[in-house]
Amino acid sequence: MSKYDTDVTRWSSEGRLYQIDYAMEAVKKGNATVGLKSNTHVVLVALRRSPQAELASYQEKIFKLDPKMGMAIAGLTSDGRELAGFIRTECMNHRYVFDEMQPVSRLADLVGDRHQSNTMKPGRRPYGVGCLLAGYDGKTNLYQTCPSGNYYDYKAFAIGNRSQSARTYFESRFTTFADMPLDDLVHHGLRALATTCGDGVELKPENTAIAIVGNDRDFQMSGEEETKKWLDSFKVEDPAAAGPTDEGEEAMDMN
């Protein structure tokens with residue numbers, strides 16, 4: 001234990017806030033989540049944590065926030081649920097006042113502020129969860145938020161355990177996503193997620209979550225039957241071809 005990590009407001013001699021670093025590590029330990037967008041649709045694909053026993057259910061990784069907006073998480077599930085509740089409240093308040101949906105860019109800014117507020121108050125801790133916000137407000141949007149309070153706009157991105165493999169997969173292909181049909185976009189999301197699976201783990205309808213939002217549909221999560229159809233219709237590429245995994249990342253009991 002370091003003498004600088006007992007409080008989130010205590011700076012180290014290297015100019016770091018260690019509790020934020022620990023929260024960022026919690027995101028890396030969570031099961032992988034990927035997001036990608038075209039000009040018409042945004043797709044979120046997530047690997048749900050396997051239950052410890054056959055009697056346990058798979059934890060949710062994707063949350064609907066508004067008719068045209070949702071998010072996927074990696075990290076502490078309880079922190080993700082709390083943030084989902086906050087976002088839903090902000091969306092409802094905005095609809096009540098302005099009679100329209102909250103712009104996704106404005107919402108990403110609010111979530112970033114929510115993250116950041118916990119990094120500057122003694123007695124509080126950073127959120128141990130990263131989010132991929134997906135929405136359609138006249139254009140497609142995909143944002144990533146971090147426990148540090150930073151947020152970024154992406155065409156395609158991945159967070160969570162072994163997510164470097166998925167990011168490497170996207171780096172050589174994202175320029176083709178803009179005009180891509182929805183079916184192909186989902187297949188790329190599944191292929192990217194497949195590169196993050198460890199030994200003995202394969203994508204199945206039970207552990208794979210898919211959500212889509214776009215100009216012709218509200219945010220909707222696929223059921224097991226539809227997920228099975230998506231999985232049956234794509235061919236997984238060789239994971240080794242997508243690049244190395246994150247060094248030092250190990251699976252742990254997080255979503």
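Buried here means under 20% relative accessible area, exposed means over 50%, and partly exposed is whatever falls in between. Keep that handy for the exercises below, which all work on a predicted model.

**Exercise 1. Sort Tyr 143 and Tyr 151 by burial, then describe how their rings pair.**

Step 1: Tyr 143 has 8% relative accessibility, so Tyr 143 goes in the buried bin.
Step 2: Tyr 151 comes out at 33%, so Tyr 151 is partly exposed.
Step 3: On to the rings. A pair of aromatic rings is described by the distance of the centres and the angle of the planes.
Step 4: For Tyr 143 and Tyr 151, the centres are 6.3 Å apart and the planes sit at 55°, so the pair is tilted. The cut-offs behind that call are 6.5 Å for pairing, under 30 degrees for stacked and over 60 for edge-to-face.

**Exercise 2. Work out what kind of pair Tyr 154 and Phe 157 make, and which cluster they belong to.**

Step 1: The ring centres of Tyr 154 and Phe 157 are 4.0 Å apart, with 20° between the planes, and the pair is stacked.
Step 2: Check the cover. Phe 157 is buried at 13% relative accessible area, while Tyr 154, at 23%, is partly exposed.
Step 3: Follow the ring pairs and you get a cluster of Tyr 152, Tyr 154 and Phe 157.
Step 4: For the whole count, the model has six aromatic pairs.

**Exercise 3. Decide how many disulfides there are, using Cys 131 as a test case.**

Step 1: Recall the chemistry: a disulfide is a covalent bond between the sulfur atoms of two cysteines.
Step 2: Starting from the sulfur of Cys 131, the closest cysteine sulfur is in Cys 146, 9.4 Å away, which is too far for a bond. The cut-off is 2.5 Å.
Step 3: Turn it around: for Cys 146, the nearest cysteine sulfur is that of Cys 131, and Cys 146 is in no disulfide.
Step 4: The count is zero disulfides. As for burial, Cys 131 is buried at 1% relative accessible area, and Cys 146 is buried too, at 7%.

**Exercise 4. Check whether the length of helix H2 adds up, then find what covers its buried residues.**

Step 1: H2 runs over residues 77-98, which makes 22 residues.
Step 2: At 1.5 Å a residue the helix should span 32 Å, and the end C-alpha atoms are 31 Å apart, which agrees.
Step 3: List the buried side of things: among the buried residues of H2 are Leu 83, Phe 86, Ile 87, Cys 91 and His 94.
Step 4: The cover over the buried residues of H2 includes strands S3 (62-66), S4 (69-75) and S5 (129-136), plus helix H3 (104-117).
Step 5: Just past the helix comes Asp 99, with a positive phi near 55°.

**Exercise 5. Place Thr 140 in the fold and find what its side chain touches.**

Step 1: Thr 140 belongs to strand S6, residues 140-145. The chain as a whole has six helices and ten strands.
Step 2: Thr 140 has a relative accessible area of 8%, so Thr 140 is buried.
Step 3: A polar atom of the Thr 140 side chain lies 2.7 Å from the backbone oxygen of Ser 38.
Step 4: Skipping neighbours within four places in sequence, the contacts of Thr 140 include Lys 37, Asn 39, His 41 and Gly 135.

Definitions and conventions
Residues are numbered from 1 along each chain as its sequence is written. This is a predicted model: local features need pLDDT of at least 70, side-chain atom pairs count only at pLDDT 80 or more; totals for chains, interfaces and linings use all residues. Side-chain values use heavy atoms; hydrogens and water are left out. Helices (H or I, at least four residues) and strands (E, at least two) are DSSP runs, numbered from the N terminus. Buried means under 20% relative accessible area, exposed over 50%, partly exposed in between (1.4 Å probe, protein chains only). A polar contact is a pair of N or O atoms within 3.5 Å; within protein, one must be able to donate a hydrogen and the other to accept it, and residues adjacent in sequence count only if both atoms are side-chain atoms. Contact means heavy atoms within 4.5 Å. The expected span of a helix is 1.5 Å times one less than its number of residues.
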